[in-house]
Amino acid sequence: MSSTRMTPERESRSPLPVPSPLPNAPAASSTDAASGADASLSPIRDFLSKRGSGRLADNSFAAVMLLCACSIFAIVIFIFGILVVHSRLSLMQFGWKFFTRQAWDPVSGDFGALPFIYGTIATSLLALCMAVPLALGVAVFLTELCPRPLRAPISFLTELLAAIPSVVYGLWAVFVLVPLMRDVIGPFLYKTLGWTGFFEGPNFGVGLLTASMILAIMILPIISSLTRDIMNAVPNSQREAVLALGATRWEMIRIGVLRNSRIGIVGAVMLGLGRALGETMAVTMVIGNHPDISKSLFAPGYTLASVIANEFSEATGDLYLSALIEIGLALFLVTIVVNAIARLMVWAVTRNAPARVN
Amino acid sequence: MHLSLGGYVNLKVIAAGILAMVSVGANAQNINGAGATFPYPIYSKWFSEYSQLHSNVKINYQSIGSGGGIRQVSEGTVDFGATDGPMTDQQLKDAKVKVMHIPTVLGAVVPVYNIPGVNKDINFSSDVIADIYLGKITKWNDGRIAKDNPGVNLPDKAILPVYRSDGSGTTYIFTDFLSKVSPDWSSRVGHSTSVKWPTGIGQKGNEGVAGMVRQSPYSFGYVELIYAETNKMSFGAVRNASGKFLKASTSGVTAAAAAAAKTMPADYRVSITNAPGADSYPISSFTWLLIPTHSTDPNKAKALAEFLGWMLDHGENEAAALTYAPLPKQVQDMVRKSIANVK
């Protein structure tokens, strides 16, 4: 009992910078006739009313937060500006056609970004096609179906996959995935799906498909662990309500869980896509690094990030360097455009149907 | 009282420390360089040995690539640069600092391949190598390969050409050689640290190319001699300018440099690929240090010139141990005269 009575006093002492501590409060309040009666009733309210309105603190807090938010704009604009300034030589030489030209010849100084843009987008989208269903499956199993003793090990392993450095993935791909692709998966795909025209030409084990597969493995843990967290956040009452209406387990997952978490899932997929677009090391090791646009997924390709990593350190000519920086600009723009399209898709899907059970 | 005394003592110690550092800084000459990755192992050995012998000189070297070395020394941000391919006339003209090339050691590039069932060393004519990378020779049992390798049972399999995807001095030397031996290559591709490869797949670094060749049957690639030797890789013989098939060795590389020494220009910017002489290995090259001829700091220039002298007298003898080919005697004598110009 005595301890509860002590509380206001203790609280009054703890905030050090308060200008008027409690002992002075009655003296101060006596000058103010209106609040004098209140003060005797509630020392806490009196203390709060006497220590200033807090407007200064609130405003400065808001200003600091605004500054933090603006720093994002500043960083983006700064990066964009630097990329444009340093690639101006190539911008002037090739203009906007740079992004639609196929040439890449450092000897004669003829540059274009199209094969790299194609390689980047093709590998990333293919990786998403492979990783998203798998990641959703992992997340649904972990949140809805997994027996308790299995849950911790699977979650732990998923997060472990996310922590492996990309060069390790690359090495694994070179020594395991490439031979597998050359001797087993490639011939199988050619036999079963060869008629589509996507699996033609010589298959050396390195190429767009191998790069997409390693990317899919790399983005799988990000998408699945984020999706799992999002699904865990769906209130149990939703599940119970759906089940109470007589839904089967699959219907409960579809209506109660997936429908409620779809915006979050799209966000997780976007993060995975971001990693896939910018991934450099592992892709460089298995994509074949040949700037060509080919329909066949067995053919070698090249990505924007890979060509920068490969050629930047030994690029001597000014135009060559400038073209490589413009490749960076292209990667920047591709990321923005792909993200914008994804946002648009999310908006189109969700604008008329807010997350609810119906 | 205790506290202030402690603070006083601390201050004294710190001041003494600063004084000590300043006095060391005044005596020791810090020389910074940057550039080629290929000679990095021998350079770092030389620089650390030289610092041990001369405690007043400390040479720092960053292997950031030849392109970076040329850029930085041209801008004057480092005291010296290093490159595997000589600077072009345009680059020399544009440089803010007047730069001199000093050859240090030699390197070579060897063809590597993976043909299951074939254990003999394969001979390659120079034009055959060019045509493999041009996509004109696509099968291992092509008549032109078979002609150079009588008695070898070459399979009817597609050749997978592998090249370096990263810009490199190795690619510079290799494409420089191909440009000399194949007019078609010289007009369609040319030579540089990275080129537009007509066919094949690219892998990063010597280890990338070697790894790809090792695990892909019927592939063909090129790596540095040092890399092949330290990793005990088998490699093919290349036909040199006088028609002899030669496997790369440090003596063959030095012989190529000696053959080129007769026509060596004063600025040492010379390509020695496809050099004349029966014992000259054809895919060889110098690697150069880029030394500013007029340094802003005469002390640094003096220290650098002293190091170069030491390199010729002692360093060259250590090159072979690291499988670099040393400079031939004639070139060493030429360089010794040139060092006198470093001021």
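In what order do the three strands of the open sheet with mixed pairing in chain B come? The order is β5-β9-β10. Let's look at that sheet, then at the rest of this predicted model.

## The three-stranded sheet

Start in the middle of the order, with β9 of chain B, which covers residues 237–239. Strand β9 pairs with β10(B) in the antiparallel sense, and two bridges hold the pairing. You can pick out a partner pair here: B:Arg239 has B:Phe245, in β10(B), as its bridge partner.

Now for the edges. β5 (123–124) and β10 (245–246) of chain B each have a single partner strand, so each of them has one side without a neighbour in the sheet. As a bit of background, strands of a sheet pair through backbone hydrogen bonds, and they can do that either parallel or antiparallel.

## The eight-stranded sheet

Chain B also has an open sheet of eight strands, again with mixed pairing. Trace it across and you meet the strands in the order β2-β1-β3-β11-β4-β8-β6-β7. At the edges sit β2 (57–62) and β7 (201–203) of chain B, and each of these pairs on one side only. On average, neighbouring strands in this sheet are turned by 25° against each other, ignoring direction.

How do β1 and β2 of chain B run relative to each other, parallel or antiparallel? They run parallel, with six bridges joining β1 (residues 29–35) to β2(B). For a partner pair to find in the structure, try B:Ile31, whose bridge partner in β2(B) is B:Ile59.

A helix crosses part of this picture. Helix α7 of chain B, residues 169–181, lies across four strands of the chain: β4 (99–114), β6 (160–164), β8 (219–224) and β11 (284–292). Its direction makes an angle of about 80° with β4(B).

## Chain B as a whole

Step back, and chain B has 13 helices and eleven strands. Its C-alpha atoms fill a box of roughly 90 × 50 × 35 Å along the principal axes. Of its 343 residues, 50% count as buried. Take the contacts in chain B with a separation of 6 or more: residues 24 or more positions apart account for 73% of them.

## Chain A as a whole

Chain A has 15 helices and two strands. It contains 358 residues, and 33% of them are buried. What share of the contacts in chain A between residues at least 6 apart in sequence join residues at least 24 apart? The share is 71%.

## Where the chains meet

Across the two chains, 23 residues of chain A are in contact with 31 residues of chain B. On the chain A side, four elements each supply at least two of the touching residues: β1 (104–105), α9 (166–193), α13 (281–286) and α14 (304–311). Sorted by class, this side of chain A has eleven nonpolar, nine polar and three charged residues.

## How confident is the prediction?

The model scores ipTM 0.79 and pTM 0.80. For chain B, the mean pLDDT is 87, and 92% of the residues reach 70 or more.

Which stretches of chain B have a pLDDT below 50? Residues 1–9 are one of them, and in the model this stretch has zero contacts beyond near neighbours in sequence. Residues 15–26 are also below 50, again with zero contacts beyond near neighbours in sequence.

Notes
Residues are numbered from 1 along each chain as its sequence is written. Chains are lettered from A and ligands numbered from 1 in the order in which they are written. This is a predicted model: local features need pLDDT of at least 70, side-chain atom pairs count only at pLDDT 80 or more; totals for chains, interfaces and linings use all residues. Two residues are in contact if their C-beta atoms, placed from the backbone, lie within 7 Å. Ala, Val, Leu, Ile, Met, Phe, Trp, Tyr, Cys and Pro count as nonpolar, Asp, Glu, Lys and Arg as charged, and the others, Gly among them, as polar. Two strands pair if DSSP finds at least two bridges between them. Axes are lines fitted to C-alpha atoms, for helices over the stretch in contact, and angles run from 0 to 180 degrees between N-to-C directions. A residue is buried if 20 or more other C-beta atoms lie within 10 Å of its own, exposed if 12 or fewer, and partly exposed in between; C-beta atoms are placed from the backbone. pLDDT is the predictor's confidence in each residue, from 0 to 100.
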